Number of protein chains: 2
Amino acid sequence: MKKHNFYAGPSILPDYTIENTIEALKDFAGMGLSLLEISHRSKQFVAVVDEAVALFKELLQIPEGYSVIFLGGGASLQFCMIPYNLLGKKAAYLNTGEWATKAIKEAKMFGEVSVVGSSEDKNFNYIPRGYEIPADADYFHITTNNTIYGTEILEDLDSPVPLVADMSSDIFSRPIDISKYAIIYGGAQKNLAPAGVTFVIIKNDILGKVERSIPTMLKYSTHISKESMFNTPPVLPIFAALQTLKWLKNMGGVAEMEKINIRKASLLYDEIERNSLFKATIPAKEDRSRMNVCFVMNEGFEQFEKEFNDFATEHGMIGLKGHRSVGGFRASLYNAMPYESVEALVAVMQKFENLKK
Amino acid sequence: MKKHNFYAGPSILPDYTIENTIEALKDFAGMGLSLLEISHRSKQFVAVVDEAVALFKELLQIPEGYSVIFLGGGASLQFCMIPYNLLGKKAAYLNTGEWATKAIKEAKMFGEVSVVGSSEDKNFNYIPRGYEIPADADYFHITTNNTIYGTEILEDLDSPVPLVADMSSDIFSRPIDISKYAIIYGGAQKNLAPAGVTFVIIKNDILGKVERSIPTMLKYSTHISKESMFNTPPVLPIFAALQTLKWLKNMGGVAEMEKINIRKASLLYDEIERNSLFKATIPAKEDRSRMNVCFVMNEGFEQFEKEFNDFATEHGMIGLKGHRSVGGFRASLYNAMPYESVEALVAVMQKFENLKK
C-alpha cells in the first residue's frame, strides 16, 4: 500500500532527492566510490557545495552582501550561536512556541533578553501582533513557523533592528524578501534534506560587533571564510539538499511552490472545517501554518481520537499523531508532499465521518 | 577498473555498510519510507540508536559508569565542548599535530593550558615521551592518531588526572582499556560512518565540576540525559555507524581488527623501507601510525613525485596525495581497507620502481 508521509521532521523528501542520493551512494560523480566514502575536499564534492550555495542564492533571490553556509549541530546549536555572535547588550525575541522558548533560554546566558510578545497564554495558538521592538536591541528573533503548534508568520516583518529568523520548517515554502533579514537559519530536515545539516543565510556586515571571544566553531566568520569547509561538513545531507534545490527549480521555484502549498493547506483546513468530527486548533485563519496543520477531535467526539489514528494508519497515513503539547493530529504538508496525499488524507477523514454518522 | 580508496577521511567504509544503507534509503525497516525521511522518534530509529550504543559498549568493553552519545558538529566542536564542560582552572595538552594544536587553541579561551609535550620542533614526526602531567590539571588531552603527520599513540597512557582522547581516526582499530580514559571522542568519518556524526564516550562522574553556565547544546549532560535525542540527531550517519559496528563484530571485533591492521601497515611500511624510491616520514617505527602511512620520494627521486601520483591514480589508487604540511603521499589504511588493496598499492610502487631502474 502507498504510504503517505505526514511526519513533522525529519520528513518527506522528493523522490528525485531520494533516487539521486541512492545513485550517488552506489557511485558518486563517476568516481567509482560511494558518496559515503569520498573526501569532502575532492573537487567533485566541492562542486556540490558551490552549486548548492548558488541555487540557494538563485531560488531565494539573495542579494549581494549575504553568505550561505552549511553547518552541523542542528538549529538548536544556532540558539546559542546567534547570541554568541550578535548579542552585545540586549536582544528582542518573539515567543511563539517551544523552539522560540528554547532560543530565548540560550540568549539569556549572553545578555538581556526582552520578550516583546508571547502567545504562551493560549498554548501558542496565535501569532502575537502589535508589540514594540526596542530600538536599542542588537537584533529581533522570530520563529516563522511553529511546527508543534501549527502557527506561521506568513509575511516578512518590518523590524527597526536586525531581524533574525528560524525558518527550519518553512524555508523555501514561499518567496521571502531576504533584504529584510540579517540572519535566516534552519535545520534542513523539513523542506530540504535529511537530518544532519543546518543552513545559515547571513548578512556579512552584521558580524564582528560583539566584544567577547567566541570559540572557533561557533563563530560564523570561521565558516563563511572557509566556505563551509573549516572542518568536515555533513557530506551526504548537503548532497541531498542540492538534489532538493534542483527539484525545486524544476518545479518552478518558490513562487510556484507557494501556490501549491496554499492549495494543499486549503484543501485540508476546509475539510477540517466541514467535517463534523474535527476542529482546527488555531482559531485565526491568518495564523494557520501551511506546513503543519494541527487538528483535534471536535466536542463530543474526543473518544474517537485513538480510533481515527489507527484508521488513518491502516489507510497508509504515517506520522499523523500530534505533538504531546497539543494532542490530536498534525499533518505536515512540506514542499515534497504531493497534493494527492492530502486528497488521500481528506478521503480517509470523510470515510471515518461516514462510519460514525 | 577497481578503485582503491586511500582517502584520509571521509574515507573507505565496508561494503556491508554501504549496501545496507542503500537498502535503507529504498525502504527503512519495512516502513515503506526512505531512511532519509523518517522521524528520529519513530520506534524503528530509536532502536537503531539503542543498538549502536549497545554495540559500542560491547565491542570496546566499556565499563559501567560510562555513556555513549552521538552528536553533530564534528570533532572540532568537541575542541570547545571539552574545556567548556571540564576546564575549571587548568588543563594539560600534548601537542602532536594540527588537530591537537586546534584543540589547545580552543581550551585557552576557558582557562590555563599547560602544553606538557610537543613534537612541533620536528614537524610533528614523533610522539613526545617523558613529559610530566601536572597533578593539579583538570584533565590531560591527547590526540591518539595524527592523521596528517602519520604518528600514533598505540598504548593506553597512564595519567594522574582524567585522560581525554581524540580518537577520530583510530577508534575501533585496536582494543582500548576504556577505564583509563574520562572521555574518548571522535568524528565518525574514518572507521565508523560517513561524515556528520561525532561519538563521545564519557565517564559520567567527570561532569558537573565546573562553575560556568554552559549553553544547552554544548553541555554533555543534555545529550546524556536525552540519549542523543535532545534535538534531531544525524539520522543517516548513525544508521550507517550501526552497520559498521555489526560488520566489525562479524569480523571478530577490535582484537581481530588490530591483527589485520598490523599486517596491512607492516606490508606497506616494509615496502617503503625496501623500495629505493620512497622513504617513510616518521623515523621511529614505534611512533608510526597504522591508520595513515606517510611517505615521500627518497633523496634523488624527488622529481618523480607528481609522476608517481599520476601513475598510482591510473592504477585505481585514490586519495594518495599527502597533506600539504608533509607533502608526498599518505595511504590511509582504515579498518574497512582490504589487505588486497594494500597489496595492490605495493605492486604499483614496485612497478614504478622497475620503470625508473
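**Two sheets and a contact**

Hi everyone, let's begin with a small sheet in chain A: it is open, has 3 strands in the order S11-S12-S14, and its pairing is antiparallel. Before I go on, please keep in mind that this is a predicted model.

Which strands stand at the edges here? They are strand S11 (278-280) and strand S14 (329-332) of chain A; each has a single partner strand, so one side of each is left without a neighbour in the sheet. On average, neighbouring strands of this sheet are turned by 35 degrees against each other, direction ignored. If you follow S11(A) across to strand S12 (residues 292-297) of chain A, you will find 3 bridges joining the two, which run antiparallel. A:Phe278, for example, stands opposite A:Met297 in S12(A).

Now for another sheet in chain A. This open one has 7 strands, ordered S2-S10-S9-S8-S5-S3-S4, and its pairing is mixed. At its edges stand strand S2 (66-71) and strand S4 (112-118) of chain A, each with a single partner strand, so one side of each has no neighbour in the sheet. The twist from one strand to the next averages 20 degrees. Inside that order, strand S8 (residues 163-166) and strand S9 (residues 183-187) of chain A run parallel and are joined by 3 bridges. There, A:Asp166 has A:Tyr185 in S9(A) as its bridge partner.

Finally, the two chains meet. How many residues does each chain bring to the contact? Chain A brings 48 residues and chain B brings 49 residues. On the side of chain B that touches chain A, H1(B) gives the most, with 5 residues. That side divides into 25 nonpolar, 20 polar and 4 charged residues. Thanks for listening!

Conventions
Residues are numbered from 1 along each chain as its sequence is written. Chains are lettered from A and ligands numbered from 1 in the order in which they are written. This is a predicted model: local features need pLDDT of at least 70, side-chain atom pairs count only at pLDDT 80 or more; totals for chains, interfaces and linings use all residues. Two residues are in contact if their C-beta atoms, placed from the backbone, lie within 7 Å. Helices (H or I, at least four residues) and strands (E, at least two) are DSSP runs, numbered from the N terminus. Ala, Val, Leu, Ile, Met, Phe, Trp, Tyr, Cys and Pro count as nonpolar, Asp, Glu, Lys and Arg as charged, and the others, Gly among them, as polar. Two strands pair if DSSP finds at least two bridges between them. Axes are lines fitted to C-alpha atoms, for helices over the stretch in contact, and angles run from 0 to 180 degrees between N-to-C directions.
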